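Colleague: I would like a close look at the cross-links in this model, both the covalent ones and the charged pairs. Please take one part first and then go through the rest in order.

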Amino acid sequence: MVGPNQIFRRVENLRHRMRTCPHGIVWVAAVASTGFALLGAECGLAATPLPIVTSNVILSSTATIQTYSIDLSTMPTRPVLVVEVTPPLTHANMQLEIELTNVQAPFSNLDQCPGIDTSILSQSGPGVATLAIELFKCGPYPAYWATATADIKLRALSFGTSAPPAAVSVVIRAETRPATGTMTQQVDPPFVQQLIQLDATQDTVLYENTPSRSNGAGDFLWAGHKGTAYPAGNRHALLAFDVNGAIRPTSLVDDAELTLEVSGFFGSGGNLALYQIAGGPGASWTEGDANGANSEFEGEVSTSSAATWNLRSSTVPWLEPGGDLIGPPLEQVEVFQTGLLQLQSFALVNAVQDMVSNGGGANGFLVRGPRSIGVNLGIQFASSENVSGAQNPLLQVWYTPTEIFESGSIQTNAVTFINEGQNFRWIYDLDHDNVLVTNIGGVCEVVDTSNEFQLPYTYRYQGTPGYSGVDCCTWRIDSQTGVVGTGQALFFHNLDASNPANMPPDGDQDGIRNLCDNCPSTPNGPLRGTCLIGAIGAVCRSNQECGTGGVCNLSQQDSNGDFVGNVCGVPEPGFAAGLAAGLALTAVGARRRTRR
């Protein structure tokens, strides 16, 4: 028996078609206890729910057109409308035309939907003529198609070597096109020494005798002492480098060198000492926007938060005025001439290692210069803001990664569902090879920033040095509307990612490579799935193909998290309840049919 909701929907479809019927055909609807009847002419029959399966459809001439009116509201989430026409063996080389037409939907025509073909000509030769229309590109959710209808037109363009008529079979159905994607990336090997060159991210000068001044935007830095004024005061130069943003914390620092260009002096020069700045409460020190005049030996008051002799920033003091330091000098040299000055020592290497392992690159280094009572002494060198062509402060670090760490962003051309606001997350390290991204072993991760254009990902490998092979992480998507899908990320270690021979096989041809597949012998990927409820074990692409109330697995579901998919072997605990409920509903439906 047809329910009230179905009757209402069909009546609404009838009213809609009466308004749009070009010939003003009168329709008659009859509602009885046994169901719903709708009669009409010329504009076609009432819209029929999907799927439509019919055989022995007679095409008697090339002028014969068979028209099917379909109810698009019966399509699933992310729908693809599929029309399959199979000719008889007696007319194996006939040519067919299939067309979607008379679409009555919230938009005026399908031309507004990108990349959709609404008609197809079958090839001359044996086989099934198929038209697959990706209607999800117009509207991915069933609610979008709630009152929509359309017509499918079929005709023979040629009967081939045999004469008409020909009896063909027609299937019109809708399937879910799960969102999915695959990305590949070449990975640099671990335990190979690398060199990185870092420019200073901020630098400034602290002035002891004028403690409100700094020089964060100046062209020059000073390390020295002003002895001609009362009170006298030192000049300390501060330098910071983005060590932590450039080098992973598990890397081993082999060597480090700090290069400065000496550009001038007060006096004849003297001793220069390099120290590591200690971390403090709150954030690191701030550079500010002060810009001293002339030689910049005197500095200027900053209009923004800036490190000064007494303060790390506008509100946070140094524990020791003039800068908080760690231990003795990292390096001491006598400087008496202009030009490049390269500072290199075991202590500097240890300091950079400490920054890499524990943070602190944003605190950086402090440079002290010579002192003398009654005279001005100072060593001037170019700052990061100096554009005269002088060498800006440069920190070179030679280091050896002990792991592979890759990061980037997955773009919309790598996965098709980002624009649809899905909940994206990484799951499973199926080959158990110690992939680490967070503190949780075996997890790859993508950060959902709700950005419709890209999602940042991270990948980290701490396996065997020199490993040669492919690593895999897979992702699953879900949504409140029931969309499911699967994707995979392949990371090639010391292998050519573009060489097909290095691509892992896909034994069950479900779109997920065996390396990534939690059930490599049974389809459960985005391209082919397996029925979990309904026609259990049947290959499917949509729930409809599994029967009434059926469920088609297309997203690598693993209810108990044991890395074995639900479609493999015995159903899993988290899935058993759903399976039992589905079987119970099937049994209830059978009893109701028996009563009738």
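Is E298 buried, partly exposed or exposed, and what is its relative accessible area?

Modeller: The model is a predicted one. In it, E298 is partly exposed, with a relative accessible area of 29%. That value is not under 20%, the limit for buried, and not over 50%, the limit for exposed. The side chain of E298 meets that of K226 in a salt bridge, with 2.6 Å from N to O. E298 sits in the loop between β17 (270–277) and β18 (300–301), while K226 belongs to strand β14 (residues 220–226), so the salt bridge ties together parts that are 72 residues apart in sequence. K226 has a relative accessible area of 14% and is therefore buried. The pair thus has a partly exposed acid and a buried base.

The general background is brief. Side chains of opposite charge can pair when their charged atoms come close.

The structure holds eight salt bridges. One of them joins E84 to R173, where the closest N and O atoms are 3.1 Å apart. E84 is in strand β5 (residues 79–86) and R173 in strand β10 (residues 166–176), so this salt bridge connects parts that are 89 residues apart in sequence. E84 is partly exposed at a relative accessible area of 23%, whereas R173 is buried at 14%.

Strand β10 also holds E175, whose partner R541 lies in the loop between β31 and β32; the two are 366 residues apart, and the pair links distant parts of the chain. The side chains of E175 and R541 meet in a salt bridge of 3.5 Å, N to O. E175 and R541 are both buried. Salt bridges with shared partners join E84, R173, E175, R541 and E545 into one network.

The covalent links come next. A search of the whole structure finds three disulfides.

C540 and C552 form one of them, with their sulfur atoms 2.0 Å apart. C540 lies in strand β31 and C552 in strand β32, twelve residues apart, and the pair links distant parts of the chain. The torsion about the S-S bond of C540 and C552 is 95°, and the link is right-handed. Both cysteines, C540 and C552, are buried.

Another disulfide joins C531 to C546, with an S to S distance of 2.0 Å. C531 is in strand β30 and C546 in the loop between β31 (539–540) and β32, 15 residues apart. The torsion about the S-S bond of C531 and C546 is about -90°, so this disulfide is left-handed. C531 and C546 are both buried.

The remaining pair is C519 and C568, a disulfide with sulfur atoms 1.6 Å apart. C519 is found in the loop between β29 (485–493) and β30 (529–533), and C568 in the loop between β32 (551–553) and α4 (573–595), so the disulfide ties together parts that are 49 residues apart in sequence. With 115° about the S-S bond, the link of C519 and C568 is right-handed. C519 counts as buried at 0% relative accessibility. C568 has 19% relative accessibility and also counts as buried, because the limit is under 20%.

Technical notes:
Residues are numbered from 1 along each chain as its sequence is written. This is a predicted model: local features need pLDDT of at least 70, side-chain atom pairs count only at pLDDT 80 or more; totals for chains, interfaces and linings use all residues. Side-chain values use heavy atoms; hydrogens and water are left out. A disulfide is a pair of cysteine sulfur atoms within 2.5 Å. Helices (H or I, at least four residues) and strands (E, at least two) are DSSP runs, numbered from the N terminus. Buried means under 20% relative accessible area, exposed over 50%, partly exposed in between (1.4 Å probe, protein chains only). A salt bridge is a side-chain nitrogen of Lys or Arg within 4 Å of a carboxyl oxygen of Asp or Glu.
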